[in-house]
Amino acid sequence: MDVAGQSVAEVHFDPFSADFYADPHAFYPRLRAEAPVYYNETYEFYALSRHADVAAGLKDFATYSSAYGVDLAMVRRGKPVPAKMIISIDPPEHRVMRSLVNKVFTPRAIGALQAMITETIDGFLADALGGGTEFDVVQDFSVYFPVDVITKMLGVPAEYRQQVRLWIDESLHREPGQIEMSKSGMQAMTEIWLMYYELIKQRRAHPRDDMISALIAAEVGRDDGSTSTLDDAEIAGFATLLGGAGAETVTKLIGSAAVTFARHPEQWQQLLDDRGLVPVAIEELLRYDAPVQYNVRRSNTDVTLHGVTIPAGAPVFLLGASANRDPDAWTAPDVFDINRDRTEAQNLAFGYGIHSCLGAALARMEAKIALERLLEVMPRYEVRWDGCQKVSMQNVAGWSHVPVRILT
Ligand code: HEM
C-alpha cells in the first residue's frame, strides 16, 4: 500500500520474461529504489542493482564466486562447473589462466591485428550493401564480422567460422520462461566441442601461427607449484568461450549504435564532424545500452546488505546494466550523451575486477572500425522501425534486426 491507500504492485524482476527481453531497463529503476537486494521466489535468486553494490560484488570474488557458473541454470545446480573456462573459475586458478592468455589480448597485441580486422569488416560491409541503399545493420553486417575475427585468431577453418556463431546463438537462445539450455542448444554445444577437439588434434600434429597452437604450447604453473600444459578440455573450453564472447556482444553493440544514433541524429552529426569522438561514443553506448545485462555469482557465505541476508549458496545476479543507469552514480543516467563526464563512475559494461572483459581492447577496436565505416556509408539514414526485432537470450540483450535505409 502507498500513503494514499492505493495498492502498489510489488517489485517484480523476471530476467526470463518476454517483457525483460523487450526492455530490460523498464525493470531497473524500481529494483534500485525499492528492492536493492531483490529476491525472486519463483526462481530462488537474489539480484543487486545499485552501482555501488554491483561494483563491490564484482570485485569481491571471495564472497561472490564464479566457480559454479555465471548464469542461473549453472549456479542453481550448486556444483562447481566441470568444464574449466576462465570465466567460471576463482583465484588462484583464475590468475594462472588469465596471465596465460592476457598477452594475446593487450591493446598492443590487438593493435597488431588492425589490418586483418579492418579488412574483415570492409569485406562484410561491402557484401551487406551490395551497391544498394537498404540493408539490415545486424543481420547483414554485425552478425558476421566479430565471430569471423575471433575464430580467425583461434585458427578455425573458414567453413566453420559462421557455423560457430549459429551454434552459440542456439545455445544462448531462451523462450520466455525457459532457464535451462534447450536440447538443440546442448546439441550445438556438443558440435562445437567436437569441432575444437578435432582442431586441437590437428594442431598438436602440425602447429600453426594461431591461438589454438599457442595454447597447446603454453606451459602453466599449477596450484601445487608444478608446471604443465593445458589439456584438450581446457583448450576447447577456452576456445568455446572466446567464440561466444566474441560472436555475440559486438554484434549487439553495433545494432544498438544504429538504433540509438537514429534516435539522436544530432550526436551522429557530431561524429560525422569529428571522428575523434568515436571512441567516447562507444563507451557511452556500452553504458547506456549494455550488450551484457548481468553476470550471476554464487554467494560463498551469508551476506547482509540493506537489511537483507543473502544466505550462503544462493545465486546472485549482478546487474551491471542497471548499475550503469544508477542516478546515484551518474548525472541524468537515462540520457544518451556521448559528451558526458565519464569519470563520474566506473562503467561496468565490461565487468569489473578480476573477471573484467579479456576481450575489451578487441571489442573496442572492432566497434571503432565498424562505426567509422557506418559513418562513411550511411552519413544520413533512417531505421525502418517496423522491421526491428530484439533477441531473447541468456544474459545478452540487444537487437537481432535493424533494417535501415540510407538517405541521400
Ligand atoms: C562489446 C563487447 C563485449 C562486452 C560488452 C563484454 C562484456 C563482458 C563482461 C561483462 C564480462 C565479465 C563477466 C563476469 O564478470 O562474469 C566479460 C568477460 C569476458 N569477456 Fe567480454 N565482452 C565483450 C567482448 C568480448 C570479446 C570480443 C571477447 C574475446 C574475444 C571477450 C572475451 C571475454 C572473456 C574471455 C571474459 C572472461 C574473462 C575472465 O573471466 O577473466 N569479450 N566480458
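Which residue in β10 does Arg298 stand opposite? In this predicted model, that residue is Pro315. The legends below cover the ligand site and the two sheets.

**View 1. The shell around the ligand.** The ligand is surrounded by 26 residues, of which His94, Arg98, Arg297, His355 and Cys357 come nearest. By class, 17 residues of this shell are nonpolar, seven are polar and two are charged. At least two shell residues come from each of α5 (93-102), α13 (232-263), β7 (295-299) and α17 (360-377). Helix α13 gives the largest share, six residues.

**View 2. The iron atom and its protein donor.** The protein provides a single donor to the iron atom of the ligand: the SG atom of Cys357, at 2.3 Å. Cys357 is located in the loop that links α16 (320-323) and α17. Cys357 is also among the residues that come nearest to the ligand.

**View 3. Polar atoms at the ligand oxygens.** An N or O atom in the side chain of His355 is 2.6 Å from an oxygen atom of the ligand. For the side chain of His94, the distance from an N or O atom to a ligand oxygen is 2.7 Å. Ile86 takes part through its backbone, with a polar atom 3.4 Å from an oxygen atom of the ligand.

**View 4. The five-stranded sheet.** Five strands make an open sheet with mixed pairing, in the order β1-β2-β10-β7-β3. Strands β1 (37-40) and β3 (64-65) are at the edges and have a single partner strand each, so one side of each lacks a neighbour in the sheet. Four bridges connect β7 with β10 (residues 315-318), and this pair is antiparallel. Within the sheet, Arg298 stands opposite Pro315 of β10. Strand β7 also supplies at least two residues of the shell around the ligand.

**View 5. Helix α3 on the five-stranded sheet.** Helix α3 (residues 51-59) lies across four strands, β2 (45-48), β3, β7 and β10. The helix runs at about 120 degrees to β10.

**View 6. The three-stranded sheet.** Strands β4, β14 and β11 form an open antiparallel sheet in the order β4-β14-β11. The edge positions belong to β4 (134-136) and β11 (381-383), each with a single partner strand, so one side of each has no neighbour in the sheet. From one strand to the next, the twist averages 25 degrees. Strand β11 runs antiparallel to β14 (residues 403-406) and is joined to β14 by three bridges. Glu382 stands opposite Arg405 of β14.

Notes: Residues numbered from 1 in each chain as written. Predicted model: local features only at pLDDT ≥ 70, side-chain atom pairs only at ≥ 80, totals over all residues. Heavy atoms only, no water. Near = heavy atom within 4 Å. Polar contact = N/O pair within 3.5 Å; in protein donor to acceptor, adjacent residues only side chain to side chain. Nonpolar A, V, L, I, M, F, W, Y, C, P; charged D, E, K, R; others polar. Pairing = 2+ DSSP bridges. Contact = heavy atoms within 4.5 Å. Axes fitted to C-alpha atoms, helices over the stretch in contact; angles between N-to-C directions. Donors = N, O, S within 2.8 Å, 3.2 Å for Na, K, Ca; no water.
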